[in-house]
Amino acid sequence: MRKGKVIVDSAIKQIDMMLPEDIAEPTVKAFNMCRNSADGIKNNCEAAYAFLKCNRDNNPKFFFA
């Protein structure tokens, strides 16, 4: 996160470099689905929670935090 915004594109680059393809593909898909899940949330902790909750809901098999 930077200034209360999730930097999804940077995270996706890291996912592509570090995770095996069978895990990376659904994780990237979930990150893209959750790209705007924290929009409008001013509290950084709540924004991070909203983003991670969205990821868990959309990618439960490979969710880890």
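Residues 24 or more positions apart supply 48% of the protein chain's contacts, counting those with a separation of 6 or more. Welcome to a quick tour of this model, which is predicted. We start with the chain as a whole, then turn to two asparagines, Asn55 and Asn59.

**Fold and dimensions**

- The protein chain has three helices and zero strands, so its pattern along the sequence reads α-α-α.
- The radius of gyration of the protein chain is 11 Å, which agrees with the value near 11 Å that a compact globule of 65 residues would have.
- Along the principal axes, the C-alpha atoms of the protein chain fill a box of roughly 35 × 20 × 15 Å.

**Surface and charge**

- Of the 65 residues in the protein chain, 26% are buried.
- The protein chain exposes about 4,800 Å², and carbon and sulfur atoms supply 56% of that area.
- There are 10 positive and 8 negative charges in the protein chain, and the mean positions of the two sets are 7 Å apart.

**Asn55, in helix H3**

- Asn55 sits in helix H3.
- Is Asn55 buried or exposed? Asn55 is buried because its relative accessible area is 4%, under the 20% cut-off.
- Which residues does Asn55 contact, leaving aside neighbours within four places in sequence? They are Thr27, Ala30, Phe31, Cys34, Pro60 and Phe63.

**Asn59, after helix H3**

- Asn59 belongs to the segment that follows helix H3, which spans 44–58.
- With a relative accessible area of 8%, Asn59 counts as buried, since the limit for that class is under 20%.
- Not counting residues up to four places away in sequence, Asn59 touches Pro26, Thr27 and Ala30.
- With Thr27, the link is a polar contact: the side chains of Asn59 and Thr27 meet at 3.2 Å.
- Asn59 and Ala11 are 48 residues apart in sequence, and their C-alpha atoms are 15 Å apart in space.

**Putting the two asparagines together**

- Thr27 and Ala30 appear among the contacts of Asn55 and also among the residues that Asn59 touches.
- Asn55 has a relative accessible area of 4%, and Asn59 has one of 8%.
- Asn55 lies in helix H3, whereas Asn59 lies in the segment after helix H3.

Note on methods: Residues numbered from 1 in each chain as written. Predicted model: local features only at pLDDT ≥ 70, side-chain atom pairs only at ≥ 80, totals over all residues. Heavy atoms only, no water. Helix = DSSP H or I, 4+ residues; strand = E, 2+ residues; numbered from the N terminus. Rg over C-alpha atoms; globule rule 2.2 N^0.38 Å. Buried < 20%, exposed > 50% of the residue type's maximum accessible area, 1.4 Å probe, protein only. Contact = heavy atoms within 4.5 Å. Areas by Shrake-Rupley, 256 points an atom, 1.4 Å probe, with all protein chains shown as cover. Lys, Arg positive; Asp, Glu negative; His and termini not counted. Charge placed at Lys NZ, Arg CZ, Asp CG, Glu CD. Polar contact = N/O pair within 3.5 Å; in protein donor to acceptor, adjacent residues only side chain to side chain.
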